[in-house]
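Dear colleague,

I am passing on a structure to you, and I would be glad if you opened it beside this email while you read. What was found in it follows below.

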Amino acid sequence: MNLRWSIDREGVLTICGSGPMKDFRFNDVYGSEAPWISKKVKKVVIEEGITSIGRYAFYGCEFLKTVKIPSTVSKIGENSLTGCPRLLRLNVSSKNKRFRSFQDILFNKSMTKLLRYPPSKQTKGYKIPEIVRTVGNGAFSRCTHLNQVILPQKLENIGEHAFEHCSSLTSMRIPENVTIIGEYAFRSCNRLGSVNIPKNLRDLRDSVFRQCTSLTYVGIPQGIGNIGDSAFFGCKALRFVSIPSSVKTIGRLAFSRCEGLESVKLCDGLESIGDWAFERCIRLRRIDIPDSVISVGTWAFKDDRRMSYIHIPPRIGTVSNGLLSNCSSLTEIELPQVSEIGDFALAGAKSLRTVKLKDGLIKIGVKSFSGCALESLVIPDSVESVGAGAFDGCERMKTVNIPVKLEVIERSLFRDCSSLV
């Protein structure tokens, strides 16, 4: 790299020389390692001869308002122009063959891709030109003034973090041509009340609507195959979700902490529910897991305090760790034939009075029924191992049938079972 830089008293950073600018590393503690980040940069002038703008080059320049890009720049690195909350103008030389600016907004030369909308522009609404086919990664990130963005009808791709933290955005109509919506695309759009999912989309990617705290409704169309990790995490205004039969996988934390969620419809065809998928959905009263499901992850329904009914499908094989932990309204449950009940599986289900364990069960995990309201229990003869504290705090427990082959009984197994005869 043969580059030099200087900054004057007015906060104008000038970068000159020839060749590409290096990519800069970034971490959450220290930010970008670019040497000018600690300066109060208000304007960046990149002179002719510079051929690229490095990754994270200006990320965190909180006073930056204007960037001038010369004709020689042919590459703009990832996140080089994000994290600049006062950015107002992006000016590209008219001789540049790769990029152009229009109304101070950065596009590729053909204007088929919108790369960066300055977050400090004061306009409340913006209509993306019809020629645009792609909204780039982070293109509208932290554009907090925008309450409406109209997408072009022939749009195909919405990039990662594209509208992240657009805190004034109230609704979004996504055209049916869109086939890709990137991870975190609408994360923390906390006034976004409704959004449609286009029918040509095949996956809802990780964290796509994470912490959209005002989102009350989202229609998931037939054709979606997977719902990614944390896709709707923290969408606390969401009331109802219907998941079509095309969905095979619900990812980790997908609907975790959707505290307003009252009803979930799952269709036959679903195969896997990830760890913590519906954790802390405190208004969810019942859920019918279809028999097509073969895997339900750990802590999937933890802290669903109003859950009074759940259907466990017969093919899961194992009741995973913490599956229904602290589901304090659950009064009874029928478990299918499983080989193992995991640690803390039903711990804290303090209203649970009835559970039938079927023959074929081999292992009962640590504190699996701790704190339940069980009055009696028959442990099948097939059980070979019962974990420490499995029935700890079952104060109403009066009778337990223990299989002969159970040779080791932990001292804490029935601790605080004060009614046990």
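Contact here means that heavy atoms lie within 4.5 Å. Please keep in mind that this is a predicted model.

With that meaning of contact, Phe 140 is a good place to begin: leaving aside residues up to four places away in sequence, Phe 140 touches Leu 114, Arg 116, Tyr 117, Tyr 126, Ile 128, Val 135, Leu 146, Val 149, Ala 162, Phe 163, Glu 164 and Cys 166. Phe 140 also belongs to the largest nonpolar core, which has 104 residues, and the members that touch the most other members are Phe 140, Phe 163, Phe 186, Phe 232 and Phe 391. At least two residues of this core come from each of the strands β11 (105–108), β23 (240–243) and β25 (263–266). Apart from this core lies another one, made of 28 residues, including Ile 15, Ile 37, Val 44 and Phe 99.

Strand β9 is worth following residue by residue. Which of its side chains are buried, and which are not? Along residues 89–92 the side chains alternate, with Leu 90 and Val 92 pointing to one face and being buried, while Arg 89 and Asn 91 point to the other face and are not buried. Strand β7, which covers residues 66–69, pairs with β9 in the parallel sense over 4 bridges, and the bridge partner of Ile 69 in β9 is Val 92.

Next come the pockets. Rolling a probe the size of a water molecule over the atoms shows where empty space is left. The largest pocket has a volume of about 790 Å³, and of the 33 residues that line it, the closest to its centre are Glu 78, Asn 79, Thr 82, Asn 137 and Gly 138. Strands β12 (113–116) and β14 (134–135) each supply at least two residues of this lining, and β12 gives the largest share, 3 residues. Sorted by class, the lining of the largest pocket holds 12 nonpolar, 14 polar and 7 charged residues.

The second largest pocket contains about 240 Å³ of space. It is lined by 14 residues, of which Ile 310, His 311, Ile 333, Glu 334 and Leu 335 are the closest to its centre. Two or more residues of this lining come from each of β29 (309–311), β31 (332–334) and β33 (354–356), and the lining of the second largest pocket divides into 8 nonpolar, 2 polar and 4 charged residues.

With best wishes

Technical notes
Residues are numbered from 1 along each chain as its sequence is written. This is a predicted model: local features need pLDDT of at least 70, side-chain atom pairs count only at pLDDT 80 or more; totals for chains, interfaces and linings use all residues. Side-chain values use heavy atoms; hydrogens and water are left out. A nonpolar core is a set of buried Ala, Val, Leu, Ile, Met, Phe, Trp, Tyr and Cys residues joined through side-chain atoms within 4.5 Å. Buried means under 20% relative accessible area, exposed over 50%, partly exposed in between (1.4 Å probe, protein chains only). Two strands pair if DSSP finds at least two bridges between them. On a 1 Å grid over the protein atoms alone, a cavity is a set of points where a 1.4 Å probe fits but cannot get out, and a pocket is an open set with protein on both sides within 12 Å along at least five of seven lines; lining residues have an atom within 4 Å of a point. Grid points are joined across faces, edges and corners, and a volume is the space filled by probe spheres set on the points. Ala, Val, Leu, Ile, Met, Phe, Trp, Tyr, Cys and Pro count as nonpolar, Asp, Glu, Lys and Arg as charged, and the others, Gly among them, as polar.
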